[in-house]
Amino acid sequence: MLAAPLVALVTVPTALVATEAAGVPLRDPDHVAALYLALVCFGVALLIGLDIVVRAAHRSGTRAPSRDAMRQVQAERWTLAQGAVVGSALVSFYVTYMAYRNLKSVVPLLRPGQLFDRQLGDFDRSLFAGRDPAELAHTLLGTGITAHFLSAVYVAFIVFLPLSLAVALVFSADLRAGLFYATAQSVNWLIGAGSYFLLPSLGPVYSTPGAFAALPASEVTHLQAVLLDQRIEFLRDPTTATPQAIAAFASLHISMNFTAAMIGHLVGAGRRLQIGLWVWFALSTASTVYLGWHYVADDLGGLVLGVTALVIARALTGYVRRPAPRRLRIPGSRGAEVLDAPAGSGQI
């Protein structure tokens, strides 16, 4: 319960120290974190209502469950205490995100003139026999419909992250699994910001823009232009301009999608969901390189971040997946079975 708030309690003071050193105020840029929090809380409330209705309908065997059936499900699954726990995880996640945005923004102020794009690009080419991986991707996949498809995949992350958080906290059979997921993703914000200070970089599309000139205009190309304009304005006037948000190493798209896919396995999600999460991870990885957001080195760094976030979240939450109940056959009962709860589970 306290894991996600603890991450926020570490990240916010860290951001306060960094922004103070950079001479800029701690803020919620464009009120994005507050807006996301409000939207996700509204979405969670709707999902809780859906959860109650579906479970009550299943229990009563009707499409339109009675009020008594819904009250019973609510009393069992959505007590005031459980709602407070879910709300605490959501608030902590977006408070951590707000602090992360501030940490990310001051990287060029605290490490001025220090960029490692050339070294990261050289490392990429060493992995591909001297060829640029983005150039190879454009040659193999083309620069037409593929660009629009991968652009949609990349931008959809903005929806995937809050949606997956809400679903994990509402529909997990064991709320501890949802809290494990929320904590791991919160940790990604914190250690991801640290990686930006380790190797400050802009990304291929900004360091070698000519390599991506053949890509058609898309939502991603528009976003890349907006972010560059914001960075220029921020460096001109850091105290009043919108905080800049360009940083390549390491890739949080990769670390957070990898975290989601791994937790799908660790908590025993359905097979289709697990496959879907890994397909999503693969497409997101391709989009980061193809569209010029990240070097391959950034994506490899993102994998390290994802593993680290899982280890830290496991230590903070103490999450261990409970074994599924075993089915025992009763002798002489003509195949009848009963569920035997795992030892020590407190379930009957």
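What share of the contacts in the protein with a separation of 6 or more comes from residues 24 or more positions apart? In this predicted model, the share is 79%. I shall begin with the overall picture, then move to the interior, to one helix and to the surface.

The protein has 14 helices and two strands. Taken along the principal axes, its C-alpha atoms fill a box of roughly 75 × 45 × 35 Å. Of the 348 residues, 46% are buried. The protein exposes about 17,500 Å², and carbon and sulfur atoms supply 66% of that area.

Let us turn to the interior. The largest nonpolar core has 71 residues, and the members touching the most others are Val44, Leu165, Tyr181 and Trp189. Helix α9 provides the largest share of this core, with twelve residues. Apart from this core lies another, of 17 residues, which includes Ala147, Leu150, Phe212 and Trp293.

Trp189 deserves a closer look. Setting aside residues up to four places away in sequence, Trp189 touches Phe93, Thr96, Tyr97, Tyr100, Leu161, Leu252 and Met256.

Met256, the last of these partners, lies in helix α12. Is Met256 buried or exposed? Its relative accessibility is 1%, so Met256 counts as buried, the cut-off for that class being under 20%. With residues up to four places away again excluded, Met256 touches Phe157, Leu161, Gln185, Asn188 and Trp189. Leu161 therefore appears in the contact lists of both Trp189 and Met256. Met256 can also be related to Leu303: the two are 47 residues apart in sequence, with their C-alpha atoms 8.9 Å apart in space.

I now come to helix α14, which covers residues 296-317. This helix has 22 residues, and from its first C-alpha to its last it reaches 32 Å, close to the expected 32 Å at 1.5 Å a residue. Its buried residues are Val296, Ala297, Asp298, Asp299, Gly301, Gly302, Leu305, Gly306, Ala309, Leu310 and Ala313. Which helices are included in what covers them? The cover includes α6 (117-127), α7 (133-141), α9 (175-198), α12 (252-266) and α13 (271-290). Following α14 is Gly318, which has a positive phi, near 70°.

Arg314 is also placed in helix α14. Its relative accessibility is 42%, and Arg314 therefore counts as partly exposed, a class that lies between the 20% and 50% cut-offs. Leaving aside neighbours within four places in sequence, Arg314 is in contact with Phe180, Tyr319 and Val320. With Phe180, the separation in sequence is 134 residues, while the C-alpha atoms are 7.0 Å apart in space.

Finally, the surface. A nonpolar patch is formed there by Leu50, Val54, Ile158, Val159, Leu163, Val167 and Phe171, which together have about 580 Å² of accessible area. The elements giving two or more residues to this patch are α2 (32-60) and α8 (145-171). Which element gives the largest share? That is α8, with five residues. Val159, one of the patch residues, is found in α8. At a relative accessible area of 54%, Val159 is exposed, because that class begins over 50%.

To close, three residues illustrate the three classes: Met256 is buried, Arg314 is partly exposed, and Val159 is exposed.

Methods. Residues numbered from 1 in each chain as written. Predicted model: local features only at pLDDT ≥ 70, side-chain atom pairs only at ≥ 80, totals over all residues. Heavy atoms only, no water. Helix = DSSP H or I, 4+ residues; strand = E, 2+ residues; numbered from the N terminus. Expected span 1.5 Å × (residues − 1). Buried < 20%, exposed > 50% of the residue type's maximum accessible area, 1.4 Å probe, protein only. Contact = heavy atoms within 4.5 Å. Patch = residues over 30% accessible without salt bridge, like charges linked within 9 Å, V, L, I, M, F, W, Y side chains within 5 Å. Areas by Shrake-Rupley, 256 points an atom, 1.4 Å probe, with all protein chains shown as cover. Salt bridge = Lys/Arg side-chain N within 4 Å of Asp/Glu carboxyl O. Core = buried A, V, L, I, M, F, W, Y, C linked by side-chain atoms within 4.5 Å.
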